[in-house]
Amino acid sequence: MDLSVKIRDKIMQNPVGTASGTFGFGEEYGELIDLSQLGSIYTKAVTVLPREGNPLPRLTETPYGMINSIGLANTGVKGFLENKVPFLNTIKNCAVIVNVAGSTEDEYTKVIDMIDSVDSVWGYEINISCPNVKCGGLAFGTDPVQVERLTKEIRKRTNKPVIMKLTPNVTDITTVATACEIGGADAVSCINTVMGMKIDINKKKPAIYQKTGGLSGPAIKPVGVAAVYRVSKKISIPVIGLGGIMNWEDAVEYFLAGASAIQIGTANFIDPNTPIDVLDGIKRYMTNNKLEKISDFHSFIE
Ligand SMILES: Cc1cc2nc3c(=O)[nH]c(=O)nc-3n(C[C@H](O)[C@H](O)[C@H](O)COP(=O)(O)O)c2cc1C
């Protein structure tokens with residue numbers, strides 16, 4: 001069985017990764033699971049300058065999911081280079097993909113310029129759900145024109161794999177995916193969180209400080225599966241599926257929808273061993289169904 005996944009000219013040993021913002025920079029989870037078994041780790045977002053993130057409360061549970069509005073809290077790119085890279089350098093076999101965020105094109109490209117020479121950085125996942133301050137706050141990821149331009153700028157900067165992370169909070173996600181492909185992206189990951197809100201009826205107040213936030217977990221899996229299905233029919237670069245994957249059956253659903261790889265997010269908070277269990281389950285399913293490689297999943301659903 002061949003579990004490898006090729007993105008640009010690089011190979012991930014298997015299709016199971018951990019989603020940005022749910023796995024830190026791998027260090028804490030490295031005490032709980034064997035990171036070298038994973039296909040990939042997507043880091044917490046890195047921005048040019050350090051960010052405190054949004055005021056508390058910024059997390060709340062919902063039926064079959066949770067809403068977060070962390071606000072990209074991170075130590076900034078210098079802090080990343082000083083404090084996170086030494087640990088990332090020790091990770092073997094697993095692709096380390098840095099999630100990059102910014103409010104202007106310059107902010108994204110600065111981060112990439114500053115870390116591109118770090119050998120242990122395998123590639124980038126570009127979080128385009130951030131508001132573009134130069135364009136009046138409209139999120140990059142909702143405007144195909146901005147997405148194509150940003151992708152092109154990033155493409156000029158690096159020969160490493162560039163994965164654009166799509167937001168589901170748009171009218172037609174396939175239009176944005178196409179803009180990524182035209183701009184020179186090597187893959188897209190879908191989906192980021194779905195806009196959600198919870199209100200405490202006793203306090204008559206939103207449950208989180210920012211009022212609305214990003215819904216993740218099992219509640220959004222059908223949204224993610226539909227996005228992967230529609231996007232993978234439209235573009236020819238690999239699609240990485242995520243949103244609500246809690247077990248191997250969920251992962252298989254994403255592969256059948258057209259995903260070439262998957263990421264586990266919210267499930268890590270419940271059981272850090274989920275990625276390893278999911279990988280084992282995928283292998284059993286492939287053996288029982290006589291599938292030899294991940295692309296064999298893609299022939300079943302037209
Ligand atoms: C607490 C939390 C923090 C997150 N931070 C980021 C982030 O920094 N960058 C990013 O692209 N996505 C971030 N995400 C989105 C996840 O990577 C993922 O796209 C989303 O949660 C859906 O997957 P899931 O349902 O498996 O969690 C975050 C999600 C959560 C729950």
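Here is a short chat between a student and a tutor about a predicted model.

Student: What should I keep in mind about the model and its numbering?
Tutor: Residues count from 1 along each chain as its sequence is written. The model is predicted, with local features needing pLDDT of at least 70, side-chain atom pairs pLDDT 80 or more, and totals for chains, interfaces and linings using all residues, while side-chain values use heavy atoms, without hydrogens and water.

Student: What makes N127 a polar contact of the ligand?
Tutor: A polar contact is a pair of N or O atoms within 3.5 Å; within protein, one must be able to donate a hydrogen and the other to accept it, and residues adjacent in sequence count only if both atoms are side-chain atoms. A polar side-chain atom of N127 sits 3.3 Å from a ligand nitrogen atom, so N127 passes the cut-off.

Student: What about G244 and T266?
Tutor: For G244, a backbone N or O atom is 2.7 Å from an oxygen atom of the ligand. For T266, a polar side-chain atom is 2.6 Å from an oxygen atom of the ligand.

Student: How do you know that β5 and β6 pair?
Tutor: Strands here are DSSP runs of E, at least two residues long, numbered from the N terminus, and two of them pair if DSSP finds at least two bridges between them. Four bridges join β5 to β6 (residues 65-68), so these antiparallel strands pair. One bridge links L59 to N68 in β6.

Student: Why do β5 and β11 count as edges of their sheet?
Tutor: The open sheet runs β5-β6-β14-β11, with antiparallel pairing. β5 (59-62) and β11 (194-197) each have a single partner strand, so one side of each has no neighbour in the sheet.

Student: What makes the peptide bond between L56 and P57 worth a look?
Tutor: Most peptide bonds are trans. The one joining L56 and P57 is cis, with omega about -10°, and P57 lies in the loop between β4 (40-42) and β5. Another cis bond joins C190 and I191, with omega about 25°.

Student: And what makes L72 and N93 stand out?
Tutor: Most residues other than glycine have a negative phi. L72 has a positive phi near 55°, in the loop between β6 and α2 (76-88). N93 is not a glycine either, and its phi is positive at about 70°; N93 is in the loop between α2 and β7 (95-100).
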